[in-house]
Amino acid sequence: MTTADTQAKPADTYTDPVLNADWSDPDMVPVGDDFHLTASGFGHAPSLRHHDDRFRIFWGDPDQGILQINAPEIRGPWTRPHLIKAAGA
């Protein structure tokens, strides 16, 4: 690393990598003036996805299986949990 690399950078810049390690399929979700980042972690849950104009959160429960909730907007309203795949199935 050089001295130039350690000097302060302007507020409108960033240094790669934004995410440390290999996070595939990163998605930026704008909500007003804020931006939320989600990516495939392959081992981390829950997972946030946007598809067919709905936001969806998936998570696994070892006793029940894979569950999902969804909403038309990131702030909701969110549905009740839906069982997508039963445990052991």
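1. Aromatic rings. Rings of Phe, Tyr and Trp, the last by its six-membered ring, count as a pair if their centres lie within 6.5 Å. By that criterion, this predicted model holds 0 aromatic pairs. One ring does have a charged partner. The charged end of Arg49 sits over the ring of Phe58, at 5.7 Å from the ring centre.

2. Overall make-up. The chain has 1 helix and 6 strands. Read along the sequence, the order is α-β-β-β-β-β-β. Of the 89 residues, 15% count as buried. The accessible surface comes to about 7,300 Å². Carbon and sulfur atoms hold 53% of that surface. Now the contacts along the chain. Among contacts with a separation of 6 or more, 8% join residues 24 or more positions apart.

3. The sheet. 4 strands form an open sheet, and their order is 3-4-5-6. The pairing is antiparallel. Strand 3 (47-51) and strand 6 (82-86) are the edge strands, and each pairs on one side only. On average, neighbouring strands of the sheet are turned by 25° against each other, direction ignored.

4. Strands 3 and 4. These two pair in the antiparallel sense over 5 bridges. Ser47 stands opposite Phe58 of strand 4. Phe58 is also the residue whose ring lies under the charged end of Arg49. Strand 3 and strand 4 form a hairpin, with 2 residues between them.

5. The turn of that hairpin. Which phi values do Asp52 and Asp53 take? Asp52 has a positive phi of about 55°, although it is not a glycine. Asp53 has a phi near 60°, again a positive value in a residue other than glycine. Asp52 is in the loop between strand 3 and strand 4, and Asp53 lies in that loop too. Are these residues buried or exposed? Asp52 is exposed, because its relative accessible area is 57% and exposed means over 50%. Asp53 has a relative accessible area of 62%, so it is exposed as well.

6. His51. This residue is in strand 3. Its relative accessible area is 47%. Buried means under 20% and exposed means over 50%, so His51 counts as partly exposed. His51 and Asn70 are 19 residues apart in sequence. In space, their C-alpha atoms are 10.0 Å apart.

7. Strands 4 and 5. Strand 4 covers residues 54-61, and strand 5 covers residues 65-71. They pair in the antiparallel sense over 7 bridges. Phe58 stands opposite Gln68 in strand 5. The bridge partner of Trp59 in strand 5 is Leu67. Phe58 thus has a place opposite Ser47 and another opposite Gln68. Strand 4 and strand 5 form a hairpin with 3 residues between them.

8. Gly60. This glycine is found in strand 4. It is exposed, because its relative accessible area is 53% and the cut-off is over 50%. Which residues does Gly60 touch, leaving out those up to four places away in sequence? They are Gly65 and Ile66. Gly60 and Ser47 are 13 residues apart along the chain. Their C-alpha atoms are separated by 9.6 Å.

9. Strand 5. Why is strand 5 described as largely enclosed by the rest of the structure? The reason is that 6 of its 7 residues are buried. For the count, buried means under 20% relative accessible area. In the sheet order 3-4-5-6, strand 5 stands between strand 4 and strand 6.

10. Strands 5 and 6. Strand 5 and strand 6 pair in the antiparallel sense over 4 bridges. Ile66 stands opposite Lys85 in strand 6. Ile66 is also one of the residues that Gly60 touches.

11. A cis peptide bond. Where does the chain place Pro77? Pro77 is in the loop between strand 5 and strand 6. The peptide bond from Gly76 to Pro77 is cis, with omega near 5°.

Conventions:
Residues are numbered from 1 along each chain as its sequence is written. This is a predicted model: local features need pLDDT of at least 70, side-chain atom pairs count only at pLDDT 80 or more; totals for chains, interfaces and linings use all residues. Side-chain values use heavy atoms; hydrogens and water are left out. Two strands pair if DSSP finds at least two bridges between them. Axes are lines fitted to C-alpha atoms, for helices over the stretch in contact, and angles run from 0 to 180 degrees between N-to-C directions. Rings of Phe, Tyr and Trp (its six-membered ring) pair if their centres lie within 6.5 Å; planes under 30 degrees apart count as stacked, over 60 as edge-to-face and the rest as tilted. A charge sits over a ring if NZ of Lys or CZ of Arg is within 6 Å of the ring centre and within 35 degrees of the ring normal. Buried means under 20% relative accessible area, exposed over 50%, partly exposed in between (1.4 Å probe, protein chains only). Contact means heavy atoms within 4.5 Å. Accessible areas come from the Shrake-Rupley method with a 1.4 Å probe; for residues, only the protein chains shown count as cover.
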